Amino acid sequence: MGPNVMDKLRKQESIGRDISHLFRSIRNFMGRQLEPYGIGDAQFPFLMLLLHEDGISQERLATALKCDRATSARSISRLEHAGYVRRVVDPDDRRAYKVFLTELGQDMGHIMWSVSRDLNDMLLEGFTDEERLAFRSMIQRAGTNISKCNQSRKVTDD
C-alpha cells in the first residue's frame, strides 16, 4: 500500500477512535463526579430522564435512552438499591413497572444539573456559539445515521 492509501485509512479510522476516546473520557468524568453519591455514569441518563418525566414506564426509559431491557433493568435496580428511585406495578399492565424518583432522587436534581452543565462547559470550552450549534447538530446527525444503519441491519437479520 502506498502512503496516500495509508493516510486515507488513518483518517477514516480516526473518527471512530476519536469518538471512542471522547466517550470514555466523558464516562470517566461522570463517574468521578457521581461516585460520592453512589451513582455510576451509566445511571446518569436514567436519573436525568426521570427528572424530566417522573413516573414513566421502565420500557419507555429503555426506549428513550436507546438501551436494551436488561441494561435498563440493571441501572434501575442499582438506583433503586441506592434509594434514588422506586418501581411501582403499572395499574394498566400488571406485568410492567413505572419508575418514580424518591425524595432522595428528587433532591439529586440540582447535583445532576450541575454535573451536566460542568460537562457541557468543559466539552465546549473555546467554541463559538455557531460552533456549539454545529457540533451538536453533527453529533445528532451522525447518531441518526448509525441508528438507521443498525436498524436496517437488524431488520434484515431477523
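**Contacts and core packing in the predicted model**

Ser-72 touches Phe-46, Gln-58, Leu-61, Ala-62 and Cys-67, leaving aside residues up to four places away in sequence; contact means heavy atoms within 4.5 Å. The model is predicted: local features need pLDDT of at least 70, side-chain atom pairs count only at pLDDT 80 or more, and totals for chains, interfaces and linings use all residues. Residues are numbered from 1 along each chain as its sequence is written, and side-chain values use heavy atoms, with hydrogens and water left out.

Ser-72 lies in helix α4 (residues 69-81). Helices (H or I, at least four residues) and strands (E, at least two) are DSSP runs, numbered from the N terminus. Ser-72 counts as buried because its relative accessibility is 1%. Buried means under 20% relative accessible area, exposed over 50%, and partly exposed in between (1.4 Å probe, protein chains only).

Leu-61 touches Ser-72. Other contacts of Leu-61 include Phe-46, Leu-49, Leu-50, Ile-56, Ile-76 and Val-99. Leu-61 is also among the residues with the most contacts inside the largest nonpolar core, together with Ile-39, Leu-47, Val-85 and Met-112. This core has 23 residues. A nonpolar core is a set of buried Ala, Val, Leu, Ile, Met, Phe, Trp, Tyr and Cys residues joined through side-chain atoms within 4.5 Å. Two or more core residues come from each of α1 (3-34), α2 (44-52), α4, β2 and α6 (109-123). The largest share, 6 residues, comes from α2.

Tyr-97 belongs to strand β2 (residues 93-101). Tyr-97 has a relative accessible area of 38%, so this residue is partly exposed. Its contacts include Ile-56, Ser-57, Gln-58 and Arg-87. The C-alpha atoms of Tyr-97 and Gly-55 are separated by 9.2 Å, with the two residues 42 apart along the chain.
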